[in-house]
Every structure is written in C-alpha cells, then in structure tokens.
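Welcome! Let us take a walk through this structure together, from its overall layout to a few of its details.

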Amino acid sequence: MANAKADVAAKGFNPGLIVLLVVGGLLLAFLIGNYILYVYAQKTIGPKKKKPLSKKKMMKQRMKQGVSAPGE
C-alpha cells in the first residue's frame, strides 16, 4: 500500500513546475500584450512631434558650430 501511494505521487506533476509554468505563462502573455498595444498605438497615434527650437537655442547651437548668428 505504501508503494502504491508513492507511485501515484511520483507520476503526478511537480507543484513547483506547475507554479513556474503558470507564472511564466502570465509573464509571457503580459509582455506579448504590451507589445501588441505598443504597435497598435504607434500605428494609430504616430510618432511624437518634436517641439520647435526657440531662438535662444538656435543661437546657442550656431555659436557652438562657429557660425555667427545674424545681426552680429
């Protein structure tokens, strides 16, 4: 009788393996869902527009490049 119970327990799935598979499956589903949402958002919304540079920043960039700003 003791051997029969041990054989049934040995043939069953390891509880640790079940937990690992469930957690891994949920993590994989989460990551795939995020990727799908990201692709969908990129298609519908499009890339973010850049803000126009202010005159001060334009002058600073020109000074760094060595090009004199107009009016100097």
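**A walk along the chain**

Starting from the N terminus, the elements of the chain follow the order α-α-α. Please keep in mind that you are looking at a predicted model. In total, its secondary structure amounts to three helices and zero strands.

How much of the chain is buried? Of its 72 residues, 1% count as buried. The accessible surface of the chain adds up to about 7500 Å², and carbon and sulfur atoms account for 68% of that.

Now let your eye move to helix α2, which covers residues 15–45. The UniProt record, an unreviewed entry, places a "transmembrane region" at residues 17–41. In the model, residues 17–41 are 100% helix and 0% strand, and the C-alpha atoms at the two ends of this span lie 36 Å apart.

Next, look for a nonpolar patch on the surface, formed by F13, L17, I18, L20, L21, V22 and L26. Together these residues offer about 760 Å² of accessible area. Let us pick out I18, one of the patch members, which has its place in helix α2. Why does I18 count as partly exposed? Its relative accessibility is 40%, and the partly exposed class lies between the buried cut-off of under 20% and the exposed cut-off of over 50%.

Finally, travel on to helix α3, at residues 55–65. This helix is hardly covered: among its eleven residues, the number that are buried is zero. After α3 comes G66, and its phi is positive, near 90 degrees.

Key: Residues numbered from 1 in each chain as written. Predicted model: local features only at pLDDT ≥ 70, side-chain atom pairs only at ≥ 80, totals over all residues. Heavy atoms only, no water. Patch = residues over 30% accessible without salt bridge, like charges linked within 9 Å, V, L, I, M, F, W, Y side chains within 5 Å. Areas by Shrake-Rupley, 256 points an atom, 1.4 Å probe, with all protein chains shown as cover. Salt bridge = Lys/Arg side-chain N within 4 Å of Asp/Glu carboxyl O. Helix = DSSP H or I, 4+ residues; strand = E, 2+ residues; numbered from the N terminus. Buried < 20%, exposed > 50% of the residue type's maximum accessible area, 1.4 Å probe, protein only. UniProt positions renumbered as here; feature names shortened; annotations may be inferred.
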